[in-house]
Every structure is written in structure tokens, then in C-alpha cells.
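Here are my notes for you, point by point. Keep the model open while you read, and look up each residue as it comes up.

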There are 2 protein chains.
Amino acid sequence: MTDQKTDSSGRPFVVSYLLYLLAAVSHRASAEFHAHARAAGLRVPEWRVLACLMDEDGAMVTRLARLSLMEQSRLTRIVDHMAERGLVSRRSDPEDRRRVRVFLTETGRDLATGLIADAQAHETQILKDLGGEDAERIKPILEALLAQLDPQDDV
Amino acid sequence: MTDQKTDSSGRPFVVSYLLYLLAAVSHRASAEFHAHARAAGLRVPEWRVLACLMDEDGAMVTRLARLSLMEQSRLTRIVDHMAERGLVSRRSDPEDRRRVRVFLTETGRDLATGLIADAQAHETQILKDLGGEDAERIKPILEALLAQLDPQDDV
DNA sequence: CCCTTTTATATGAAATTTCATGTTAAATCC
DNA sequence: GGATTTAACATGAAATTTCATATAAAAGGG
């Protein structure tokens with residue numbers, strides 16, 4: 001057991017700070033799955049994009065960046081790489097030629113399909129370990145929090 | 001409202017995937033505070049390190065990296081920068097001369113103290129907006145999840 | 001004790017990410 | 001409908017991050 005509070009001030013802050021707990025849980029829980037994604041040949045950001053595209057195939061770049069929780073220029077370069085690898089393809093939107101829509105390729109979709117199944121199994125295990133009450137509540141609470149934080153109407 | 005499920009498969013995955021919800025909530029909620037930290041002259045990783053040091057001043061580099069949720073070599077360089085800015089100081093541990101312990105300076109502690117107060121106010125507001133039931137439960141649930149995920153005895 | 005292994009931190013070099021901005025297209029305003 | 005503003009995406013250059021590994025010190029064997 002590491003000494004909580006070596007310093008002079010009051011009680012510990014960070015270990016019970018909501019934003020820290022969120023970051024820490026996200027970080028640790030995701031690390032488990034990220035190892036799996038990498039073993040499947042994907043970088044972490046690529047897995048994220050692939051998963052988002054399974055929800056919204058053909059999303060425009062800006063939207064996909066928002067959904068993937070990353071900055072637009074970063075997403076652009078990740079999509080570059082994924083397109084080179086044949087996981088996605090780009091098509092400019094005929095309705096608005098500024099827009100670029102990103103689509104899964106067959107390969108991309110197949111890869112995503114398998115990983116999503118694994119992700120769901122992993123989630124099931126986490127929730128099972130967490131146990132009854134808490135396991136039932138966590139997702140609804142997070143969804144409520146996200147809705148509250150999100151200025152937009154959607155995720 | 002963006003169209004959920006433009007693609008062919010079943011129902012949406014990512015928007016209700018536990019690890020995505022955690023990442024998204026963490027990302028969005030933290031963004032609000034990060035703007036504040038930056039306005040106070042700190043980069044985001046520096047704020048994280050400062051906050052962790054308020055809990056465990058004098059932590060060794062490896063421990064601080066783990067607590068700050070970042071890779072060791074990254075932390076080393078962030079600490080470099082913070083030391084140059086006079087926020088922290090390094091002292092090698094006489095008990096084990098491989099170890100380097102990181103301490104807050106007076107400046108660092110003062111800066112952290114103010115930001116932590118702001119962070120707590122921010123958290124209070126988030127929980128208030130979230131409302132009763134959920135607000136009471138979220139931190140205990142996250143703590144339970146973290147304990148379960150964490151191989152180590154501590155955070 | 002000496003030798004081998006492990007642990008703690010730092011660092012070079014490559015890769016990725018960020019920030020600001022360029023380019024092109026659509027929308028808005030007179 | 002031409003001029004101006006706004007939106008979408010891409011990209012150069014700087015900054016940061018990662019990965020592998022070097023260095024140094026402690027621990028373990030025999």
C-alpha cells in the first residue's frame with residue numbers, strides 16, 4: 001500500500017476527483033482491450049474510428065472526428081492511413097462537395113465485426129466482475145452525464 | 001439529430017459501449033476544465049502531474065507516471081519542463097540512488113491549490129447537474145471499477 | 001565477493017499529434 | 001449575381017509522444 005498523502009495538505013484529492021476517476025477507469029479498462037486490438041493489427045485510434053464507422057458508416061470527416069473524440073486534422077491523417085490499408089474509402093459528398101464521407105470497406109467491416117464481438121464480451125466480463133447493482137447502473141449514469149455534457153443533440 | 005446507423009448492421013454499438021462511454025464522458029468533462037487549466041498557464045499533462053503530486057508529493061518517477069496515467073518516458077520529459085518552470089524539483093532518493101523523487105515547489109503548490117479548488121467547484125457543479133441518485137452513485141461505482149481493474153493495491 | 005539479473009530513469013530517433021493556416025465550396029447579404 | 005462570410009477538409013512545420021535502449025544502481029545467486 002502506497003502512502004496516501006505524503007504531503008502537508010489535507011486529504012487526498014486526485015484519487016477521489018470525479019474527472020480523475022473517469023480518466024483512470026477509462027485508461028485502465030481500455031488498456032486491456034487495446035492490447036487485443038493491437039494484436040489484431042490495429043492501432044488504437046484506428047480501432048476507435050472503425051468502431052465509430054460501424055455506427056455511422058459514411059460519416060463526414062468532421063462528424064467522425066467528433067464521434068471518435070479526436071481533433072479533425074488528426075482524424076484526417078488516421079483516415080489516410082486506414083485508406084492506404086484498405087480499411088476505409090473516402091468519397092466526396094455530391095450534395096456538398098466540401099464534405100468527404102468515410103466508408104468502411106468490406107475488409108474494414110469484417111475486421112470491425114470481429115473486434116466488436118470481442119469488445120462486447122470484454123464489456124460483459126467487466127460488468128459481471130463489477131456486480132449487480134453497480135453493473136446495472138453504470139451505463140445509464142454515463143449516458144446521462146454525456147447527454148448533459150454534450151452541447152450537441154447527439155453523441 | 002444525426003442518423004444513428006447509416007450502415008447495414010444491427011443497432012448502434014459504440015454509443016452504448018461501456019469503454020466508449022467512459023472515454024467520451026472523460027473527454028468531454030475534462031475538456032471543460034482543461035480550458036481553465038490552460039488559462040492558468042498549465043498544459044494539460046502538467047495539471048495532471050501537479051494534481052497527483054498534491055496527493056503524493058515526493059513520489060518517484062515510476063509511481064508518478066502510473067498515478068498520472070502516462071508512460072514513464074513521457075512523464076520524465078513533462079517533469080523536465082515543470083522543473084524548468086519552477087513548479088517541481090527533483091531529488092534523488094538517498095535510500096535507493098536509482099530513484100528520483102519529484103517534489104512540488106512553493107510555486108507549484110500554490111498554483112495547484114488554486115486549481116484544485118476550482119476543480120472541486122467544477123465537480124460539484126457537474127454532480128449537481130447530474131442530479132440526486134446518479135450523482136450519489138457515480139463516484140463509488142467508478143472507485144469500485146477502478147479497484148477491480150487495478151492489479152496493484154492502490155491507484 | 002563477483003557475476004547475473006532486475007529495477008529506475010533518461011534519452012535518441014522515429015512517429016504521431018497539434019496548431020495555424022491554406023484551399024475549395026457553400027451560404028449569406030446587398 | 002458578385003462580394004463576403006462561413007464551413008469542410010488538408011497540410012506544413014513545430015511540438016509532443018512513443019519505442020527501444022542506454023546507463024546506473026540495487027538485488028540475488030553461488
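**Notes on the DNA contacts and the cysteines**

1. Let's start with DNA strand C. It has 20 residues around it, and the nearest are A:Arg74, B:Thr62, B:Ser73, B:Arg77 and B:Arg98. Keep in mind that this is a predicted model.

2. Which parts of the chains sit by strand C? H4 of chain A, helix H3 (61–67) of chain B and H4 of chain B each give at least two residues to the surface near DNA strand C. H4(B) gives the most, with 4 residues.

3. What kinds of residues make up that surface? Near DNA strand C there are 11 charged, 5 polar and 4 nonpolar residues. On the DNA side, 60% of the strand C atoms within 4 Å of the protein belong to sugar or phosphate, and the rest belong to bases.

4. Now zoom in on some polar contacts of strand C. An N or O atom in the side chain of A:Arg43 is 2.9 Å from a phosphate oxygen of this strand. B:Val61 uses its backbone instead: a backbone N or O atom there lies 3.1 Å from a phosphate oxygen of strand C. The side chain of B:Arg98 has an N or O atom 2.7 Å from a base oxygen of strand C.

5. Over to DNA strand D. It is surrounded by 20 residues, and the closest are A:Thr62, A:Ser73, A:Arg77, A:Val100 and B:Arg74. Helix H3 (61–67) and helix H4 (72–84) of chain A, along with helix H4 (72–84) of chain B, each supply at least two residues of the surface near this strand. The largest share, 4 residues, comes from H4(A).

6. The make-up by class near DNA strand D is 4 nonpolar, 5 polar and 11 charged residues. Of the strand D atoms within 4 Å of the protein, 60% are in sugar or phosphate, with the rest in bases.

7. Which distances should you check on strand D? From a phosphate oxygen of this strand, it is 2.4 Å to a side-chain N or O atom of A:Thr62. For B:Arg74, the distance from a side-chain N or O atom to a phosphate oxygen of strand D is 2.5 Å. B:Arg98 turns up here too, with a side-chain N or O atom 3.5 Å from a sugar or linking oxygen of strand D.

8. Last, the cysteines. How many disulfides are there over all chains? The count is 0. Is A:Cys52 buried or exposed? A:Cys52 has a relative accessible area of 1%, so it counts as buried. B:Cys52 is buried as well, because its relative accessibility is 1%.

Technical notes: Residues numbered from 1 in each chain as written. Chains lettered and ligands numbered in written order. Predicted model: local features only at pLDDT ≥ 70, side-chain atom pairs only at ≥ 80, totals over all residues. Heavy atoms only, no water. Near = heavy atom within 4 Å. Polar contact = N/O pair within 3.5 Å; in protein donor to acceptor, adjacent residues only side chain to side chain. Nonpolar A, V, L, I, M, F, W, Y, C, P; charged D, E, K, R; others polar. Disulfide = S-S within 2.5 Å. Buried < 20%, exposed > 50% of the residue type's maximum accessible area, 1.4 Å probe, protein only.
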